[in-house]
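Me: Could you take a close look at one part of this model for me, the largest pocket? I'd like to know what lines it.

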Amino acid sequence: MEQATSNKSTNSFLIRNARMDDIDDIIMINRLSLPENYPYYFFVDHIKDYGKAFYVAEVNGDVVGYIMPRIELGFSNLKNLPSLVKKGHVVSIAVLEAYRNRGIGTALLKASMKSMKEDYGAEEVYLEVRVSNYPAISVYEKLGFMKIKVLKHYYADGEDAYLMATYLT
């Protein structure tokens, strides 16, 4: 699926499914944007297994952001009673700093969430986010995510994370 998107400031970008030849760009964005990094094979496996929901953002032909999800079967993060559900997990999402605040991260997340539901049958989606990452938390809340719980010392540097989740509608 490819979709052209433009935002209020006349900058345009393209959201499309990730391809194997995007992996080097995705890894570079991951290394520049996040302290949590993954080995090459991890990205390959996620494109192979969950490629319909794995997206990149392009500006002028350059990959400037990505979202890497997976689909899991597990206990619901949202229902009061224990129940097994198919759920999407946003493993990693990043946009190069120079391209932030243009709606690219939101567009990546919306595209991936749509695919998680339509292509994989997921009922809900969750992610972990640093408690200090206010800009990301704000975006997630605007998309309906709720803070479910605090994961103490979740990150390698000891920072806590919020587990946030929402239903896929």
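Reply: Here's a walk around the pocket, with the ground rules up front. This is a predicted model, so to speak of local features takes pLDDT of at least 70, side-chain atom pairs count only at pLDDT 80 or more, and totals for chains, interfaces and linings use all residues. Residues are numbered from 1 along each chain as its sequence is written, and side-chain values use heavy atoms, with hydrogens and water left out.

The largest pocket holds about 1000 Å³ of space. A pocket here is an open set of points on a 1 Å grid over the protein atoms alone, where a 1.4 Å probe fits, with protein on both sides within 12 Å along at least five of seven lines. The volume is the space filled by probe spheres set on those points, which are joined across faces, edges and corners.

As for the walls, 35 residues line the largest pocket, and Ile93, Ala94, Asn133, Ala136 and Tyr140 sit nearest its centre. Two or more lining residues each come from strand E5 (84–95), helix H3 (104–118), strand E6 (124–130) and helix H4 (134–142). E5 gives the largest share, seven residues. Lining means having an atom within 4 Å of a point; helices (H or I, at least four residues) and strands (E, at least two) are DSSP runs, numbered from the N terminus.

By class, the lining splits into 19 nonpolar, nine polar and seven charged residues. Nonpolar covers Ala, Val, Leu, Ile, Met, Phe, Trp, Tyr, Cys and Pro, charged covers Asp, Glu, Lys and Arg, and the others, Gly among them, are polar.
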